[in-house]
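The following exercises ask you to read a structure step by step. Attempt each task before you turn to its solution.

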Amino acid sequence: MYILGISAYYHDSAAALIRNGEIIAAAQEERFTRIKGDKSFPNHAISYCLEEAKLNIEDIDHIVFYENNLSKFQRIIVTHHNNVPKGIISFIVSISKWLTNDLWLDQKIQKELGKKTSKVIMYDHHLSHAGSAFYPSPFSKAAILTIDGVGEWATTTYGIGHNNKINIMKCINFPNSIGLLYSAFTQYLGFRINFDEYKVMGLAPYGKPKYSSLIKKELVTIYDDGSIKLNLKYFNYTRGISTINKNFEKLFGKKKRQPDSKITTKDMDIASSIQDVLNEIVLKLANTVYDETKCDNLVLAGGVALNVVTIGYLKRHSKFKNIFVQPASGDAGGALGCALSYYYDALDNKRIVNKQDSMKGSLLGPSINDHDDLIDEQLTLMGAKYKYYEEKTLIKKIVQELAKGKVIGIARGKMEYGPRALGNRSIIADPRIIDMQSTINLKIKYRESFRPFAPIVLLEDSKKYFDINDESPYMLSTYYIKKELQIPIKKNVKGLDLLKEKKSPIPAVTHVDYSSRVQTVDKYRNPFIYNLLKEFKSKTDCSVLVNTSFNVRGEPIVCNEIDAYNCFMNTEMDCVVIGNRFFEKENNKKV
Amino acid sequence: MVDTYINLKNRKNLKKEVINNYIFGIFFGFSIILIFSFNFFYNKFSFVSLLYILLVFYGIFCVLLATINPKFKILKKLRISTTRVFNILGICCLDIVLLCIYYIVVVPIGLIFKEKKEVTNSSFTTFETSYNKTLPKYRYLKLLSLFSKDYFYMIPLLIILIIISILVFVLTSSIFTPLIYTMF
C-alpha cells in the first residue's frame, strides 16, 4: 500500500511517500524551486517521490494532507468573534483568503494532482506531528510531546504512543502558544517569523537572561504543569497582521530591531531571556508528561522541537531516559507524519519497530550519483573542470585539503530531509582553526557573524570531546564541551568579541557558552562521512569536523549538482566534491 | 522511458492553457463586442463612446487571435492580465461585503456571546482531533456540524459566508470570470 503525505500552503511545503509503513522518499519543495521555505504545492517533491518508487500518481492508494482546513477555519471565525470590535482588517484579510482559497483546499489538492486520483484525506496537524515523531522512533511505547505555533486549535499536545496507536490526551489551545511566544521575540529582534527562530537561539548565549522575570510577570503565566497563558495585551496575532504590538515594544523600552541593523547587548539579553523561559516551560511540560504517562521514552516534534538548546536542556534535566526528536520537526515533517499516522493509526496496520530508528539517517531526498554521464555532461556544459577519484582516494584528497585549512563543500548521495545538513549536502572544514567560524560565515555563507557552527564527530570518540551520553545522529541537541577541554574566557570580553576568543581545542565549533550542536557519525547511517572522519583523525589526531549546510544566506540547501557547482562558484569556497568528482577553485575561475 | 509526474503535469497545463486562451478569446471577445457596441449605439456620442470603441476593438483583437492561433503568447498575456484586473475588482467587492458583514453580524454576535475568561491553574484541555471519520461527507455539512456543538450562535454567519464562498469560488475559479464580471 502506497500513501503520499503532503504539507503545503503555510510554509515549508513537502511530500513524503511510504510503502506499507516504510519510508521510501521525502523531500521539501524549497530544494527544487530554490525558494527558501517555499509554501507552494509541492509538485517537484511529489514528482521526485513518485520517480523514486517508479510509480504514477494513479498508483497511490491514499493521499493525506497534514492538517484539517475546516477546523482551522472554525478557529479563525471564533477568534474573530472573541476579538470584536477590534480586528476588522485581520477579518477582511483572512476571511477573504479563506473564501477564495483555503476553504476549498481538498479540491484544490485533488485538482493539482489530477482528477483520477482518490479523495484527499485531511488529517490533524498535531496528530501529523505526533506521528512523525513516534512511528519512526526506536520505541514501541513512548510519551509524545508536540509543540509549535498553531495547528487547527492546538498549539501544544501530549499523549502516549503504543505500538501502532497514538492517544493524545491533553492540549493547549490557541491563542496560548509557546511557539508564537518565541516567534514574537523573533520578530522583535528583527528576524523573520517561521524562518529565523534559530537565529534567536544562536544569539542567546551571548547575553544574560536579565528579562526572564519580566517576561514571566507580564507576558506569560507558566502554570506548575507547564501549560501557559499569554497576556494578549502585548500580542497582536489574534486581531492583526503582525505578532507583537506597541505594548510589547514599550515593555522592553525600545522599538523592534530593524533587520540587518547592529545587534546590541540588550538584544542579546532579550534573546537569552526568552530562551531561558522556553527551557523552563518545556522542562515543566516534559515532567508533567512523564508523571502522567510513566514512560521512560519521549518523542518530540513541532517547530519548537527544532530548538536544539531546549532539547539539550531536556536531555540533561528531564525525568525521561531516552529522547527522540523527529529530524524534520517543522511543518515539512507533517507530510511524513500524516502519511504514517494514517497508515498505522487510522488504517490499523501492524508496526515493526526498528531499533536504530526508521528515518534511514534522514537521507530521503534525491541522490547525486558517484558516476553519472548526464551529470558529467551538465557540468562540462557549465565549464566545470574536475577530477574523478575512487572513494578511498577521494577521502584522502579531501583530508589533505582540510588539513591545509581549506573549506570544502560536499554534495553526494541522498539529500537530507529536514533543516539539517548531515554530511551529504554539507560544507566541512577543520574546527581547530580559530578564525574558521568567521571565515565561513563571512566569505562563504555570507551570514551573521554571531552564528555558531556545528561539529560532526565519530560516534566512538564523541565522549572524548563532549559531555554526551547518547548518540546524536540528527544534530538535534546541544552538548557541552568536556570540562577539561574548556579554555576560560577573559572576564572583560563581552558580546560578539567572545567569538574571537579561543574556547577549546576545537574553537570553530564551540559556542560562547561552550555548547555545541553535535552530530555523531556512525558507519551505518553515513559510511562516507564516517570514513572521512576516520582518515582526518589518522592524519591530525582530531575526529571532529565543522559541518554546516551547503548553501548561502537566504537560499535553501543545494539539491543537485548544478546548485552545488553554482554555490561553489559564487562563494569563496576552496573545493567542492560532487559525487566522486573533486573540484578546485584554482581550476574553476569565473570567466 | 516513463514520463515523470512533473512533465505530465506541465504538458497537461500547457494543453489546458491553450483551451483557456481559446475560450477567453472567443467568449470574452464576443461578449465585449456585443456589450460595448450596444452601449455605443444606445448612448449619445461622448468621451465614453471612445472608450467603448476601444473596448470593441479589444474584443475583435481577442477573437482574431483566438481564431488564428490560441497558442499566441500575447493572447495568454491578455487573458492573465484581464483575469487579474477582474479578480482585483472582485476582491474589492468581496472586501466591502465582508466589511458590512463584520459590523452587521460579527460584532453584535461577538459582543453578546464573548467567551468569558476563567481563572484556572492550568490551560490544558482535553484534545479533540479534527480528523473525525464520523463527520458528514460534504464540506458545508461538515462545517455546520463542527460549529453546532459549541458555537451554534455563529451558524447564521457561517451560512452567509458559505453562500459567498460558493459565489466566489464559481466566479474566481472559472475561465468565464471576466465574462461574468463584464455582464455586470
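**Exercise 1. State how β8(A) and β1(B) pair, and over how many bridges.**

Solution. The two strands, β8(A) and β1(B), run antiparallel and are joined over three bridges. Strands here are DSSP runs of E with at least two residues, helices are runs of H or I with at least four residues, and both are numbered from the N terminus. Two strands count as paired if DSSP finds at least two bridges between them. Within this pairing, A:C171 stands opposite B:T125 of β1(B).

Two conventions apply throughout: residues are numbered from 1 along each chain as its sequence is written, while chains are lettered from A and ligands numbered from 1 in the order in which they are written. The model is predicted, so local features need pLDDT of at least 70 and side-chain atom pairs count only at pLDDT 80 or more, whereas totals for chains, interfaces and linings use all residues.

**Exercise 2. Place this pair in its sheet: which strands form the sheet, and in what order?**

Solution. Step 1: the open sheet has six strands, in the order β12(A)-β11(A)-β6(A)-β7(A)-β8(A)-β1(B), with mixed pairing. Step 2: β12 (322-325) of chain A and β1 (124-126) of chain B each have a single partner strand, so they are the edges and one side of each lacks a neighbour in the sheet. Step 3: from one strand to the next, the twist averages 25°. Step 4: inside the sheet, β7 (residues 154-162) and β8 (residues 165-173) of chain A are antiparallel and joined by eight bridges. There, A:T156 has A:I172 in β8(A) as its bridge partner.

**Exercise 3. Identify the helix that lies across β6, β7, β8 and β11 of chain A.**

Solution. The helix is α11 (residues 265-293) of chain A, which runs at about 145° to β6(A). Axes are lines fitted to C-alpha atoms, for helices over the stretch in contact, and angles between N-to-C directions run from 0 to 180 degrees. Contact between two residues requires their C-beta atoms, placed from the backbone, to lie within 7 Å.

**Exercise 4. Describe the side of chain B that touches chain A: how many residues take part, and which element gives the most?**

Solution. Step 1: 40 residues of chain B are in contact with 45 residues of chain A. Step 2: the elements of chain B that give two or more residues to this side are α1 (5-42), α3 (73-112), β1, α4 (139-150) and α5 (155-172). Step 3: α3(B) gives the most, with eleven residues.
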